[in-house]
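User: I would like to learn how to read a model such as this one, feature by feature. Could you give me the general idea each time, and then the case at hand?

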Amino acid sequence: VTTMNILHGSANTIGGQNAVIKLKWGRSGEEMLFPGAPPGIKFALGENVTRKNSGGNNTPGVAAPPRRYPSTRMGQEEVLRDAFIRARDYKATWDDYRARSAKDKSLIAPRRDLELEPLAEVLAGTRLVHVHSYRADEMLMVLNLADEFGFKVKTLQHGLEGYKIADEIAKHGAGLSSFADEWSYKIEAYDAIPYNVAILMRHGVL
């Protein structure tokens, strides 16, 4: 392994920005950043976000952690939709400012929002989206949402039920990375099959 795409974990619907690094012995993280690598962002769907498998839920004498939003797959879609509505408005505000400030240098720039800035880059097509997902319904949801807001999902990660929606993934243009021989370790991984990748490839999915 010489190059790594370092992503956040899968505990949050919108996790954070990635770093692509070229591994170099004795160098700092900044020195290992891969020049020109397209920036990305990590999204996550399913049970990791809803905390279905968190410790303490079924352990005698151990209190379950407090529930947090979103606790359903519908809630995850709402988190994404709300964020992209706000990001679309934020991007429009900045686009308007940039257009008008070319003629009027006295304009004051809008307030920067570090939460919405990466999502505005997604909408502009300059930041790649990587999505932790297992089930066909949640993958289809995020592909439909991406089509609605006009951006592409670059990779569906894990994607164990990708074979169920191979045509839809191919039509959107997303790639999919999957486990070759590991599944059934949690409920959302039960419908995995060993032919997932072969079926996806035959439908034109990278």
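Analyst: What follows takes up the sheet, the helix that packs on it, and the salt bridges. This is a predicted model, in which local features need pLDDT of at least 70 and side-chain atom pairs count only at pLDDT 80 or more, whereas totals for chains, interfaces and linings use all residues. Residues are numbered from 1 along each chain as its sequence is written, and side-chain values use heavy atoms, with hydrogens and water left out.

User: How should I read the sheet, and in which order do its strands lie?

Analyst: In general, strands of a sheet pair through backbone hydrogen bonds, either parallel or antiparallel. Strands and helices here are DSSP runs numbered from the N terminus (E, at least two residues, for strands; H or I, at least four, for helices), and two strands pair if DSSP finds at least two bridges between them. In this structure five strands form an open sheet in the order 2-4-5-6-7, with mixed pairing. Strand 2 (14-17) and strand 7 (175-177) stand at the edges with a single partner strand each, so one side of each is left without a neighbour in the sheet. Direction ignored, neighbouring strands are turned by 20 degrees against each other on average; the axes behind such angles are lines fitted to C-alpha atoms, for helices over the stretch in contact, and angles run from 0 to 180 degrees between N-to-C directions.

User: How many bridges join strand 2 to strand 4?

Analyst: Three bridges join them, and strand 2 and strand 4 (residues 40-44) run antiparallel. Within this pairing, isoleucine 14 stands opposite phenylalanine 43 in strand 4.

User: Which helix packs on the sheet, and which of its residues are buried?

Analyst: Packing is read from contacts, meaning heavy atoms within 4.5 Å. Helix 4 (residues 117-124) touches strand 2, strand 4 and strand 5 (128-133), and its direction makes about 100 degrees with that of strand 4. Buried means under 20% relative accessible area, exposed over 50%, and partly exposed in between (1.4 Å probe, protein chains only). The buried residues of helix 4 are Pro118, Leu119, Ala120, Val122 and Leu123, and their cover includes helix 3 (73-101) and helix 5 (136-149) as well as strand 2, strand 4 and strand 5. Alanine 120, for instance, has a relative accessible area of 10%, and touches Ala87, Tyr90 and Lys91 when residues up to four places away in sequence are not counted. Just after helix 4, glycine 125 takes a positive phi of about 85 degrees.

User: How many salt bridges does the structure hold, and what does the pair of glutamate 138 and arginine 73 tie together?

Analyst: Side chains of opposite charge can pair when their charged atoms come close. With a salt bridge defined as a side-chain nitrogen of Lys or Arg within 4 Å of a carboxyl oxygen of Asp or Glu, the structure holds 15. In the pair of glutamate 138 and arginine 73, the closest N and O atoms are 2.8 Å apart. Glutamate 138 lies in helix 5 and arginine 73 in helix 3, so the pair ties together parts that are 65 residues apart in sequence. Glutamate 138 is buried at 3% relative accessibility, whereas arginine 73 is partly exposed at 24%. Both belong to a network of salt bridges that links Arg73, Glu138, Lys186 and Glu188.

User: Where do aspartate 96 and arginine 100 lie?

Analyst: Both lie in helix 3, four residues apart, about one turn of the helix, and their side chains meet in a salt bridge (3.0 Å, N to O).
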